Each structure stands twice: as C-alpha cells, then as structure tokens.
Amino acid sequence: MSKLPAVLITGASTGIGEVYAERFARRGHDLVLVARNKARLDAVAARLIQETGVSIDIIQADLTRVADLDIVEARLREDAAIGVLINNAGGNLRGGFLTQTPDDVARLVALNTTAVVRLASAVAPRFAEAGTGAIVNISSVVGLAPEFALSVYGATKAFVTFLSQSLSVELGPKGVYVQAVLPAATRTEIWEHSGIDVNTMSGVMEVAELVDAALVGYDRREAVTIPPLPDAAQWETYQAARQAMLPNTRQEHAAERYRTAG
Ligand SMILES: NC(=O)C1=CN([C@@H]2O[C@H](COP(=O)(O)OP(=O)(O)OC[C@H]3O[C@@H](n4cnc5c(N)ncnc54)[C@H](OP(=O)(O)O)[C@@H]3O)[C@@H](O)[C@H]2O)C=CC1
Ligand SMILES: CC(=O)[C@H](N)C(=O)O
C-alpha cells in the first residue's frame, strides 16, 4: 500500500492549525508542525503520536523572521515525503489603522502574506514536477469585506484568497490542488490576541466544526471553501459578476464618463 503524503502545517500549536494536525493524524498522515511556541508544539505532537501512532516532527519558527522562514522553505523543497502544505499561521492586530504602528503592520503583512507566498513558492515546483500535491491557504471572509474596516488584516486575507484562486488556475493543470479556506469568526485565541472577548460575540463557529467543514471542501477538491456561507450560489454569483466584467476592461479608449471635453 502506498504511504500517505506527510502534511506540513504552520500555526499548529493551537486553534485551527492544531485541529488540522489532529484531523490529518487521525487520517494516518505523518506531520511536520510549525509555530513559535515549542512547548505547545511538543505537547500537541506527544498527544497525537500517542493517540494515532503517526510520526511527527516539529520546527520551531517565527515566520516573520527570514532565517526561520528559510528553514521551513528548505524542508518543503527537500523533503519529498511532504505532499500537503497547510498555510495556516496568521494573526490580527489590535485597534485601527491610525493606532497600529508601521512595525506592527509590517509584521502582520510578513506573517499573513509573505510567509504564505514564500512557503507556497518553495513547495510548488516540487509538487508540479511530481504532478501531485496540495496547498491549503487559510484566508478569511474579512478579505471580502472592506466594510469591516479591518484594513490591514482584511487586505492580507484578500491577498491570500486571490493568490489561492490564481495558483489554482496556474497549478491545477499540473496536478497541484490549491484551496482557499475562508472562515468567519471561529472560537480561537486570535480574538484574545486582538483585544476582543470572543464570548461577547454571536455567530462564532467552534474550531472543530470549522476544520471538519473545510476538510469536506478539501476532499471535494473545491478551490474556495467558505464553511459558514449557507448559500453557495451567492459565491458563484459573485464570481460570475467579476468574470463578466473582465472582457470589458481591455479598451483602446477611456470610458465615456472619463473623457474630457475637447
Ligand atoms: N479564528 C478566527 O475567527 C479566524 C481565523 N482565521 C485565520 O485562521 C488562521 C489560524 O488562526 P487561529 O487558529 O484562529 O489563531 P490562533 O491565534 O489560535 O493560532 C495562530 C497560530 O499561528 C501561530 N503563529 C502566530 N504567529 C506566528 C509566527 N510569527 N510564526 C509562526 N507561527 C505563528 C501560533 O502559534 P505560536 O504562537 O506558537 O507561534 C498559532 O499556532 C489565521 O490565518 C487566521 O487569520 C480566519 C478567519 C477567522
Ligand atoms: C478578524 C479576525 O481576527 C478573525 N480572525 C477573522 O478573520 O474573522
């Protein structure tokens, strides 16, 4: 029987990433778990090894640091056993754009976008060469909604969704599956880190339900999975409206409303 591919999961020390680790371990996949908190990674790994018997390596890495990112990229490039990348690590910031410092903003962009695209870039050539592999990027519905005014966080997630959709177009024909997962509010520590008491919020999904739904989309090979969205036709209508606009954007002249008199 051929061995299942190993799965590298970033942000696996807690929250959504920890549940991904548990679900893939239960499916019999070996794991490589990445995050900063080594004690927590060790505890997750010890529990899952004991419960499932899979092999688990951990890499302690701060994905905002180039030197740490280099180590994870090298593992993705060189370890042929890894066939799935779950790009999950991410964060949010406290407050609004006017109170967030340029350094905080840069760190968030580094974690939520640069790390995601660099890790995908490290692994994609090997997957394409093999004609198989999966890249799962955890985005957010916030990336669809400038109205929420979570400007930098939302922009990073719009980047992740766009990157995933576009990589799906580019890599899909080479046998590489790319999925964007767009959770809405899910009960994890991310809220506490952004200064919000999740218990004061309504419509919050439990993390296990979120990941199980995302894995239904994964097993169906969906390009975009939005676990909380009741009516999938709304997403399809949105995509169709965007696609209908595209042929109209290539024009020799500016649209009538922008033409100056004379
Ligand atoms: N919870 C929610 O409501 C939603 C979450 N999401 C997205 O889901 C993903 C997971 O978030 P969630 O589980 O909620 O958040 P948590 O805060 O619970 O977990 C975040 C994970 O990322 C790791 N991490 C954070 N910073 C770094 C870093 N600099 N380098 C490496 N690892 C890091 C953390 O581990 P450690 O501290 O050990 O490094 C932890 O394992 C994120 O991309 C988030 O944007 C999307 C929509 C909704
Ligand atoms: C705003 C958040 O922090 C949350 N992770 C989300 O994407 O809904």
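1. Ala180 has Val224, in strand E7, as its bridge partner. E7 (residues 224-225) pairs with E6 in the parallel sense over 2 bridges; strands count as paired if DSSP finds at least two bridges between them. Helices (H or I, at least four residues) and strands (E, at least two) are DSSP runs, numbered from the N terminus.

2. A quick word on the input: this is a predicted model, where local features need pLDDT of at least 70, side-chain atom pairs count only at pLDDT 80 or more, and totals for chains, interfaces and linings use all residues. Residues are numbered from 1 along each chain as its sequence is written, with chains lettered from A and ligands numbered from 1 in the order in which they are written.

3. E6 (residues 177-181) has 4 of its 5 residues buried (20 or more other C-beta atoms within 10 Å of a residue's own, C-beta atoms being placed from the backbone). Strand E5 (residues 134-138) pairs with E6 in the parallel sense over 5 bridges, and Ile135 is matched with Val178 of E6 as bridge partner.

4. What about E2 (residues 31-35)? 5 of the 5 residues in this strand are buried, so E2 is largely enclosed by the rest of the structure. Leu31, Leu33 and Ala35 point one way, Val32 and Val34 the other. That fits the usual picture: in a regular strand the side chains alternate between the two faces of the sheet.

5. E2 pairs in the parallel sense with strand E3 (residues 56-60) over 5 bridges, and Val34 has Ile59 in E3 as bridge partner.

Key:
A residue is buried if 20 or more other C-beta atoms lie within 10 Å of its own, exposed if 12 or fewer, and partly exposed in between; C-beta atoms are placed from the backbone.
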